[in-house]
Amino acid sequence: MSTEALPQGAGYGVVVGIGLFFSAFMVCLTAIQTRYTGVSPKNSEEFTSASRSVKPGLIASGIVSAWTWAATLLQSSAVAYRYGISGPWWYAAGATVQVLLFAQLAAKLKLNAPYAHTWLEIVATRWGTVAHLIFMFFGLATNLIVSSMLVLGGSATVTSLTGMSTIAACFLIPLGVAIYVVVGGMRSTLLCDYTHTTVLFAIILTFVFTVYASSEYIGSISKMHYLLSQATAMIPVSGNAGGSYLTLRSKNGLIFGVINLIGNFATVFQDQAYWQRAIASRPATTVKAYLIGGIAWFAIPFAFSTTLGLAAVAFGAVPAPSSPTQVPTASDFISLLPPLTPDEISAGLPASLAAATLLGQSGAAALLIVLFLAVTSATSAELIAVSSILTYDIYVRYINPQATEEQILRMSHAGVAIFALVMGLAGVIFFYIGVSMGWLYTFMGVILGSAVVPIALCITWSKASRAGCIGGAVIGFVVGIAAWLGVTAAYNAGVINVTTSGGNYEMLAGNLASIGVGGIVAVVASLLWPENYDFVATRAINTLGAHKKPAEVAEDTEDEKKVPNSSALTVSNATTQDSKLDPVGLEEAFRFAAWSSVIMTVIFMILIPLPLFGASTIFSTTGFTVWVVVGILWTFCSAFAVVLYPLWESREALTMITKGMVKDIFAKGSGKFVPADVKEVKV
Ligand SMILES: NC(N)=O
């Protein structure tokens, strides 16, 4: 079904316009930064790592932004549409805990490999080329799958709402983003992420208040509760307590929760984008950034899908103007939003159709904008992440180890362009073979899950065995695929195709086998044949400037702790100073990350949902009101954390920039940053 609530021009306008707008914005931002703070992305270290000096609020905002995919809005709403209130919970909780747990890896990264550019450099240094190539396969596969989901989700929605060509959307989405990433590099990308996140929260809250406070069709939490109860009476949800949309006792919701949990471990732990944010962060505040980022992100899918996903269900119980009866259960009832087909749900359309039904053209336009902000910021994270891998793990490691600063920067730019093209092509290929965003979302853990535990062990555990971890990743991969195909064949009379292989049990088997076997092999082998690794070599990564000209290398070797390739004075100073953070402090940060992230994981995955599941609670109006109000309050707190807090922590830099601009207005050139006066001020 194509609602085409908006003209095709609006589709092209948003897809091309957002990219171009942010490209122009990035040019201005970069010029302002360079002029008034002395920080410039014309330096490879600054381009890929923001010189490891970014404060926690901005890193948290960047994490939220990179982790907010098209699926975060669309797939979460699809599972709300399918399973009721359990869908938003399992989506949000099942993808938050990985970010919280990643805080532990981030702390270990700062402790064990403080100058690495990519997580693969750590693998290569510890376990050599074979491990490097195998884990690079998993890393790049992660980036490709995540990027394909972004393109598929974005293009399906823009086509549904405007009729724009899906193929054109597949290529135009990454193109606009590639331009602004090349212009701005990592730091400006984080600043752009910040603006995206700000608008994202504003639009989400607009939808929330429209649905729960002002909509003529819904307009209150109690009316939503009533309509969901009517929808239950019309089409009960199979596997839910009482067939209700208002319960966490949902068998299929729980299965989705497990699949979601596994798949998202893979896409956080193996995605350079999250390592890159840890790398860009100041060592002292990395853990804080990940904990804030994870908790803040929870509100986005939870509030969005509890609003638009459930609204799509509720509109099914609202009579259309043409309906001969107002009684939803009557046989001649015509609803405002007819039931969606499985393909439409899998393509992630419940949210966009609900938005268009809710607010007509302006709802469709708001949905399109929020989706594109999510898609572009996550795409920018993927582009710069892959560019770093292509640059440091392929170009510098295997092709030109003596690459100059200029060559590295050129390769970084080329890497962004290359992957933008690959993203577009992957989107088109998946579109033609009928693979949707929803299918890929549940599939990602099948092929990526086996490397999760081995990678975590590589950076955190001195006893992790090279053979065990490589073996775990490879064997888990094979067993995961075999389990997925085997269960597909067994459940579908031997028929294996995109439709049959996308079922809940099929995906669950593949996901569990992949992560389970990968983890068990890696841990058991490490216990039987432990290494006794001291991380000395990983701590030395890039301290000798491996990619510099020979003359530069000679100079650097005299200075054991010298920072690689930082030409901007401010950058160099900040990095050097931050790098002096003592190991005891970093160990403490790790311990804090470990216990706090584990406690929060237990709360999210066990203490809240399982008692409600076990008791088969179907929410009364009061219970549902508490549920929704807590979600709304959480959204406000998240907005404060990633919108206002970064402004507060950067007040010094913002003051410096403002002063510089004012000085320039009165005496041109007088506000310009002067290196001799350097003060460590970063945004
Ligand atoms: N980032 C996710 N899983 O929405």
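Author: A nonpolar core is a set of buried Ala, Val, Leu, Ile, Met, Phe, Trp, Tyr and Cys residues joined through side-chain atoms within 4.5 Å. The model discussed here is predicted.

Reader: Which residues touch the most other members of the largest nonpolar core, and which helix supplies its largest share?

Author: The largest nonpolar core holds 213 residues, and those touching the most other members are Trp69, Phe102, Phe135, Met224, Leu308 and Phe624. The largest share of this core, 26 residues, comes from residues 350-399, which form helix α13.

Reader: Which residues is Met224 in contact with, leaving aside its neighbours within four places in sequence?

Author: Contact requires heavy atoms within 4.5 Å. With those neighbours left aside, the contacts of Met224 include Val211, Tyr212, Ile218 and Ala314. Also among them are Thr306, Thr307, Leu310, Ala311 and Phe624.

Reader: How many helices and strands does the chain have?

Author: Its secondary structure contains zero strands. The helices number 25.

Reader: What radius of gyration does the chain have, and why does it agree with a compact globule?

Author: A compact globule of 683 residues would have a radius of gyration near 26 Å, so the value for this chain agrees. The C-alpha trace spans about 85 × 70 × 45 Å along its principal axes. The radius of gyration of the chain is 25 Å.

Reader: What share of the residues of the chain count as buried?

Author: A residue counts as buried when its relative accessible area is under 20%. The chain exposes about 23300 Å², with carbon and sulfur atoms supplying 70% of that area. Of its 683 residues, the buried share is 62%.

How values were computed: Residues numbered from 1 in each chain as written. Predicted model: local features only at pLDDT ≥ 70, side-chain atom pairs only at ≥ 80, totals over all residues. Heavy atoms only, no water. Helix = DSSP H or I, 4+ residues; strand = E, 2+ residues; numbered from the N terminus. Rg over C-alpha atoms; globule rule 2.2 N^0.38 Å. Buried < 20%, exposed > 50% of the residue type's maximum accessible area, 1.4 Å probe, protein only. Areas by Shrake-Rupley, 256 points an atom, 1.4 Å probe, with all protein chains shown as cover.
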